[in-house]
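Visitor: I am new to this structure and would like a close look at a single part of it. Please take me through the sheet and the helices that pack on it.

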Amino acid sequence: FPFPYTPYRIQEQFMEALYSALEAGRVGIFESPTGTGKSLSLICGALSWLRDWEEKRRQEEARLLALGASGKDGLTPQQARPGSADTAGEPDWVTAFVQKKEERDMVDRLKEEQIRRKKREDHLEKIRHNVQLKYVAKRRRCEEDEAKRLLQLSKEALSQGAGEGVLDQLDHNEEELILAEYESDDEKQVVSGLEEEDDDDLEEEHVTKIYYCSRTHSQLSQFVHEVQKSPFGKDTRLVSLGSRQNLCVNEEVRRLGALQLINDRCMEMQKNKHEKKSDEENEGKKRRVSRTVCPFYSYEQMQFLRDEVLVEVKDIEQLVSLGRETKACPYYGSRFAIPAAQLVVLPYQMLLHEPTRNAAGIKLKDQVVIIDEAHNLIDTITCIHSAEVSGSQLCCAHSQLSQYMERYRKRLKAKNLMYIKQILYLLERFVAMLGGNVNQNPGCQAVSQTGTVLKSINDFLFQSQIDNINLFKVQRYCEKSLISRKLFGFVERYGDPASAVKTNKENQKLAGLQNFLLTLQKGSDKEGTSQSPPVEAEHDHLRTASPLMQIEGFLSALTNANQDGRIILNRQGTVGQSSLKFLLLNPAVHFAKVVEECRAVIIAGGTMQPVADFRDQLLCCAGVDPARVVEFSCGHVIPPENILPIILCSGPSNQQLEFTYQTRDLPQMMDETGRILCNLCNVIPGGVVCFFPSYDYEKQVYGHWEKMGLLSRLAAKKKIFQEPKKANQVEQVLVEYAKCIKRCSQTGGQMTGALLLSVVGGKMSEGINFSDDLGRCVIMVGMPYPNIKSPELQEKMTWLDKTMPRAAGQAPSRVLTENLCMKAVNQSIGRAIRHQKDFASILLLDHRYARPAIFNKLPQWIRERTQVKPAFGSAFAELRK
C-alpha cells in the first residue's frame with residue numbers, strides 16, 4: 001500500500017482487511033481507535049483497491065478487444081453460459097451464432113466505452129496543462145455579461161414606454177406568488193423537448209467509485225486534506241458534495257439563511273430558466289413578468305467548473321471560491337462531476353436519505369460506500385427520517401394558507417384549489433387530534449388531557465379521519481408546486497400587520513396570529529428569565545421559515561409503512577405548545593437499499609463497541625446475509641503502560657459505589673464522589689475531565705459540594721470549569737481550560753491544572769480531543785443509562801422485544817439500554833488518548849462496570865488493560881505510580 005510514511009503495523013492490518021472486504025463485496029464493521037490514523041488507512045486501503053480494480057478491468061477489456069479484433073471465437077464452449085442452449089433444444093449452430101453475436105455486441109460496447117473514457121481523460125489532461133483554456137473561458141464570460149447588461153438596459157427602456165395595464169389588478173411582483181397550473185405526474189405526457197436534450201447530455205456513465213461520508217462538514221474537510229497529503233492526492237478525481245447552504249454563491253439566495261428557503265428559491269429560479277425559453281415564443285400574446293434566473297446556473301460555466309474539480313482535489317471552501325471566480329454554481333457543478341469521479345465525499349444525510357440521494361444524482365449500484373464516524377449510525381438514520389410539528393405551526397400554516405386561498409381564489413386553477421383544500425383539511429384534523437380548533441388562537445386554547453400518547457400510523461390516520469386522502473399525491477403536489485415557497489413569499493409581503501389587509505375576515509385571522517405571538521412574549525415575562533430563550537427562539541422560527549415546510553416533512557413521514565414507525569401525540573398546556581412527532585422505529589428499512597445496491601459497504605468508527613447493535617438492528621433487519629458481514633477491530637498504537645483503566649467499586653470511606661436512580665441522590669454518594677476527586681486532584685497533573693450522566697445530576701452534585709465545602713478544597717488544586725449548556729459557549733470554556741492548564745504547568749505552584757465537569761452525550765463527549773495535558777485522567781461517574789421513562793425509548797424497547805430474538809437469555813430491550821449506555825461511555829473515555837505518545841488514566845466509578853456483560857462492551861484496547869479494584873487504597877496507589 002502506498003503510504004505517506006511508514007505505517008504502523010495495525011494500519012497495515014486495517015488496510016489489508018479493508019482491501020479484502022472490498023474485493024469480496026462484504027459489509028464490514030471496522031473499528032480503529034482515534035489517534036491511529038484511521039482516515040489515512042481508509043484512503044490508502046480503499047484507493048489501492050480501486051486502482052487495482054480499474055487496472056483489472058482494463059486488462060480484461062484489452063483481452064476481449066484483442067479477441068474481437070483477431071476474429072477468433074472469444075469463448076470456448078465450456079466458458080459459454082452452461083446449459084443455455086441444450087435445454088431449449090436449439091441446434092448448435094444457432095447457439096454458436098447467438099453467442100458470437102453477444103460477444104460482438106460486447107466488444108462493440110467496450111470499444112465505445114473506451115473511446116468515451118479516452119476522450120474524457122484526454123480532456124482532463126489538457127486542462128491540467130493548459131492555462132489558455134482558462135483564459136478563453138474567462139474572456140467569453142466577460143463578453144456574455146456585457147451583452148446581457150445591454151440587453152437588460154434596452155428592455156427596460158422599452159418597458160417604460162409600454163402600457164402597464166396588462167396584468168389584471170395584480171402588481172407584477174405578486175405574479176410570482178400565484179401557483180402555476182398543476183398537472184399531476186400521471187397526466188403529464190412528454191415534457192417540452194428542451195429538458196430531454198439536456199438530460200441526454202448529462203447521462204454520463206458512472207465509473208466505479210467510492211462514496212465516503214461523515215457527519216459534519218469539518219470532518220469531511222479534514223478528510224479531503226488527508227487525501228491531498230496522501231500519495232493519491234495528485235491523481236485522484238475527487239468531488240466534495242454539500243448542501244446548497246454550504247455551496248450556494250448567489251448572495252441574495254444565501255441571505256435567506258434557512259436551508260429549506262434556499263432550496264426552494266434555487267429550484268424556483270431554475271424553473272424560471274426553463275419557462276423563460278418557452279415564454280419567448282409566446283412573447284407577442286402577453287408580456288410575462290421577467291422572473292429572476294440565477295446568473296450562476298450557466299451550463300457552460302458549470303461544465304468548466306466540473307472539469308476543474310476533477311483535475312485537482314478541492315475541499316468545499318476551495319470549491320466555493322472557484323465558483324465565485326468562474327461565475328458557476330458549485331452546487332450543480334460538483335454534481336456534474338459525480339459520474340466521472342473516483343471518490344465522492346459527502347455528508348451522511350445526502351447518502352442515507354433516498355430522495356436527497358436521487359436528487360443529487362448519486363447512483364449506488366455496484367459502488368463502494370464508506371461511512372465514517374458511524375458509531376451513531378442508527379440514531380442518525382432515525383433522526384433523518386423523524387419529524388415533529390407543533391400545534392402553533394399547524395395553526396399558523398392553516399391561517400396563512402386560508403388567507404392565501406381567499407386572496408387568489410379567482411386566479412387559482414381547480415386542481416390547485418382541490419389540493420389546497422385537502423392540505424387545509426389535514427391541518428384542521430391534526431390540530432383536532434391535539435384537542436384544539438384551528439380557528440382559535442393556539443396559545444389560548446388549553447388542552448384538556450395532557451400527557452403523551454403513542455399510536456401506530458394506521459390508527460393515527462383513522463382516528464384523525466384522514467385515511468381517505470392519498471398522502472402520496474398531496475406530498476407530490478407540495479414538492480412539484482413549490483406551494484410552501486409561494487406561501488412564504490405571500491406572508492413576507494402581507495404578514496406585516498401594518499400593511500392594510502383587504503378583507504375583514506383576514507384581519508381577524510392575522511390579529512389572531514399577532515396575538516398569539518404577543519402571548520408567547522408575555523408568557524416568557526411571567527416565568528422570569530430562565531424561560532425566555534426558547535420562547536424567543538420559537539418566535540424567530542415563525543418568522544424565518546414558513547411552517548408549511550416543517551409540516552411537509554411530517555406528511556412524508558406518514559407515508560412510511562405502518563409497522564416501522566409510531567406517531568407521538570404530545571399534549572402540553574396549550575394547543576400551541578403541544579406537538580405531533582413521527583418516530584421511526586426501524587432504521588433498517590432506509591438502510592436496506594444502500595446495502596442491496598452497493599458492491600460493498602464499510603461502517604467505520606473510532607469506537608464501534610458494542611457491535612451487536614449494528615449487526616442485529618441494522619444489517620439483519622435489512623436482510624443482509626450474516627456470512628457477508630465482516631468485523632475488524634484493531635488495537636491502539638500506544639504501548640500498554642501508557643493507559644491505566646480502573647473500575648472502582650468503593651470509595652475512600654468504603655462506601656460502595658452504585659449510582660442508580662435511587663441511590664445517586666444520597667448525600668453520602670455525593671460526598672464520596674467529592675472525596676475521590678479531591679484525592680485524585682492531589683496527584684494528577686494537568687487536566688482532569690469528569691463526566692456525569694446528566695446536566696441535572698452535575699448541577700445537583702456541584703450544589704452539594706459547594707454546601708459541604710468540598711468545592712473549595714478541590715479548587716485549591718485545580719481550577720473548576722463546567723460544561724456550558726449553550727453550544728456557542730463551548731469553544732470559550734475550552735480555550736480557558738487549556739490556557740489555565742498551560743499556565744499552571746509553566747508557573748508550577750499550588751494549582752496543578754484544571755478540572756472540567758462535563759456531561760455524557762453533551763458537547764464535550766464527542767468530537768473534542770483532550771490530548772496530552774488536557775486530559776491526564778478521565779472519570780466517569782456512574783452509568784449513563786438513557787431515560788427509560790421517555791415514551792420514544794419505551795416504544796423502541798417494546799418494538800425490539802416483539803421483533804428481535806432473545807440473545808444469550810437477555811431481552812433485546814435490556815440489551816438496547818445497555819448498549820446505549822456503553823456507547824456513550826466509550827465515546828467519552830476514548831477522548832483522552834489521541835496519539836502514540838499520549839498517556840492517561842481512566843476511572844469508572846461504579847461496581848456495575850465489573851459485570852461481565854458490561855465489561856465486555858468496553859473497547860478491546862481498553863478492556864485488555866483494565867483493572868477492577870474493590871477498594872480505593874490500591875487503586876490510588878496504582879494511579880499515583
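Guide: Helix α35, residues 872-880, lies across the strands β12 (643-648), β17 (840-845) and β18. The direction of α35 makes about 170° with that of β12. The model is a predicted one. The three strands belong to an open sheet of seven, whose order is β14-β15-β13-β16-β17-β12-β18. The pairing in this sheet is parallel. At its edges are β14 (718-722) and β18 (867-869), each of which pairs on one side only. From one strand to the next, the twist averages 20°.

Now to the edge strand β14. Its partner is β15, residues 753-759, and five bridges join the two, which run parallel. In one of these pairings, phenylalanine 721 has leucine 756 of β15 as its bridge partner. Another helix, α30 (residues 730-747), packs on the sheet here and touches β13 (686-692), β14 and β15. The direction of α30 makes about 155° with that of β15.

One more helix can be added by its residue numbers. Helix α27 covers residues 667-683. Its 17 residues reach 25 Å from the first C-alpha to the last, close to the 24 Å expected at 1.5 Å a residue. Among the buried residues of α27 are Met669, Met670, Asp671, Glu672, Ile676 and Leu677. Thr673, Gly674, Cys678, Leu680 and Cys681 of this helix are buried too.

Key. Residues numbered from 1 in each chain as written. Predicted model: local features only at pLDDT ≥ 70, side-chain atom pairs only at ≥ 80, totals over all residues. Heavy atoms only, no water. Helix = DSSP H or I, 4+ residues; strand = E, 2+ residues; numbered from the N terminus. Expected span 1.5 Å × (residues − 1). Buried < 20%, exposed > 50% of the residue type's maximum accessible area, 1.4 Å probe, protein only. Pairing = 2+ DSSP bridges. Axes fitted to C-alpha atoms, helices over the stretch in contact; angles between N-to-C directions. Contact = heavy atoms within 4.5 Å.
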